Amino acid sequence: MSKVLKVSLDKAVDSASLSEYKEKVKEINEGINSKSLKGNDFLGWADYPTTYDTEELKQIIKDAAYVRENYEVLVVCGIGGSYLGPRAVIEALNGLKNDSGVEIIFFGNTFSPNYTAQILKYLENKKFAINVISKSGTTTETSISFRLVKDLLEKKVGKEEARKAIFATTDKEKGALKSLSNKEGYQTYVLPGDVGGRYSVFTAVGLFPMAVAGIDVEAFMEGALLASKDTNNDDLASNPCYQYAATRDYMYRHNKSVEMFVTYESQYTQICEWLKQLFGESEGKEKKALFPASATFTTDLHSLGQFIQDGTPLLFETIIYVIEPKEDVIIPGDKEDLDGLNYLEGKNISYVNRKAFEGTLEAHTSGGVPCIVIELEKLDSYSMGYLLYFFMRACAMSAYLLEINPFDQPGVEIYKKNMFHLLGKKGY
Ligand code: PA5
């Protein structure tokens, strides 16, 4: 049983239904460890918390301190697995209205002309550094955004000063970004060849932006290390991570087609975005898999709540609930009580949120929506590392239960080919 999080399945499935997974789970866990399954070249993330380059982490912490001392903004250019992880962690731990320290702007995750123009204008009067992240080094959104901010920076401060402000995270040896970085002399960090984008949050992809945002990256890695030990357990009865994976598979095989990730905290919304990519891109192949969706409650109870309660019964929920908020607010009393809220006088907002969670859980389960609940006492760097590793391991198990290679994404290439053809790129 983990000390960091608790998984409750009683509102989703009974333990007898999971017993058929016992042997398969054992086999797959062994396959993950011996790297003998489909996509085994990309299993580097599984033992990464014990094998990562600690010297590189020291360099990251040092460079992040330099950025914190010398710049107002860090622009992170990256898309998909090359930005969702750090964004999820930074927003979850630092909040949505945190204006202390270096501002982190995520750029290059869209072709939006409006957002692109607005960011470039905003940066004109800011002292900014850049972290460009791309494993392939050729992703179009990232490359265009990097060209634009690099150009702006060089015009503002000159090539030599710009060079000191650019940090590149990419493959150790190959790719256009690696060659460019070598030529220009940028500080580079490695995205290991055997770790795919959506499994890269524990590499420099996540660690550098997080460290610049003031997050304790060492504690984050320690959390991941504990999770890697706890989840590497082939006994289904005592492994909540694989119980969760097996429950997803059970849902899929019992007429559910959507897993809705739910949080009750606005600053955790990006965790669900990260989860949607992790599961969607890992499993959505061969016309199989659950569609990963997400909602932030209670906000979305006022938009999707009706459908969840009474609409087509296609989904189940996976709720991530953090018990202790970092900050809280007490509801004040009012002499006249015209709004009728005095019955809540002196109560914390977190108390109201908890009761909303309990009431909704009851309502949705009684409406026939299975609910998995993952509860954490608190969310800090350590438990965040634990949580993200937990989901990565669960995702690998779940994809292998579906007999899918979790680590490729052949379907993503098709839109790119069409787009390149339409744009007139050579060879398309
Ligand atoms: O998970 C993945 O592999 C993808 O989402 C990639 O991270 C994304 O396409 C960006 O690729 P790259 O890092 O090569 O620019």
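Here is a short conversation about helix packing, ligand contacts and backbone geometry in a predicted model.

Biologist: Let's start with helices α6 and α7. Why are they called roughly parallel to each other?

Modeller: Helix α6 (residues 113-124) and helix α7 (residues 140-157) pack at an angle of about 20 degrees. Angles under 35 degrees count as roughly parallel, and α6 and α7 therefore get that description. Their axes are 11 Å apart, and their crossing is right-handed.

Biologist: Which residues make that contact?

Modeller: From α6 come Thr116, Leu120, Leu123 and Glu124, and from α7 come Leu148, Val149, Leu152 and Lys156.

Biologist: What makes up the contact of α6 with α7 by class?

Modeller: Five residues are nonpolar, one is polar and two are charged. Glu and Lys count as charged, and the contact includes Glu124 of α6 and Lys156 of α7.

Biologist: Thanks! Now to α5 and α10: at what angle do they pack?

Modeller: Helix α5 (residues 84-94) and helix α10 (residues 204-212) pack at about 35 degrees, with axes 8 Å apart. Here too the crossing is right-handed.

Biologist: What does the contact of α5 with α10 consist of by class?

Modeller: Pro86, Val89 and Ile90 of α5 meet Val205, Gly206, Pro209 and Met210 of α10. That gives six nonpolar residues, one polar and no charged ones. Gly counts as polar, and Gly206 is among the contact residues of α10.

Biologist: On to the ligand. Which of the 13 residues around it come nearest?

Modeller: Those are Ser82, Ser134, Ser136, Thr139 and Gln277.

Biologist: How do you know that the side chain of Thr139 makes a polar contact with an oxygen atom of the ligand?

Modeller: A polar contact is a pair of N or O atoms within 3.5 Å. An N or O atom in the Thr139 side chain is 2.5 Å from a ligand oxygen, which means that the pair qualifies. The side chain of Ser134 also has an N or O atom 2.6 Å from an oxygen of the ligand. For Gly197, a polar backbone atom is 3.5 Å from a ligand oxygen.

Biologist: Lovely. What kind of peptide bond joins Phe297 and Thr298?

Modeller: A cis one, with omega of about 5 degrees. Thr298 sits in the loop between β8 (291-296) and α14 (305-310).

Biologist: And what is noted about the phi of Asn255?

Modeller: Although Asn255 is not a glycine, its phi is positive, about 70 degrees. Asn255 belongs to the loop between α12 (240-253) and β7 (258-263).

Note on methods
Residues are numbered from 1 along each chain as its sequence is written. This is a predicted model: local features need pLDDT of at least 70, side-chain atom pairs count only at pLDDT 80 or more; totals for chains, interfaces and linings use all residues. Side-chain values use heavy atoms; hydrogens and water are left out. Axes are lines fitted to C-alpha atoms, for helices over the stretch in contact, and angles run from 0 to 180 degrees between N-to-C directions. Helices (H or I, at least four residues) and strands (E, at least two) are DSSP runs, numbered from the N terminus. Angles under 35 degrees count as roughly parallel, over 145 as roughly antiparallel, 65 to 115 as roughly perpendicular and the rest as oblique. A crossing is left-handed if the near helix is turned anticlockwise from the far one by less than a right angle, and right-handed if clockwise. Contact means heavy atoms within 4.5 Å. A residue is near a molecule or strand if one of its heavy atoms lies within 4 Å of it. A polar contact is a pair of N or O atoms within 3.5 Å; within protein, one must be able to donate a hydrogen and the other to accept it, and residues adjacent in sequence count only if both atoms are side-chain atoms.
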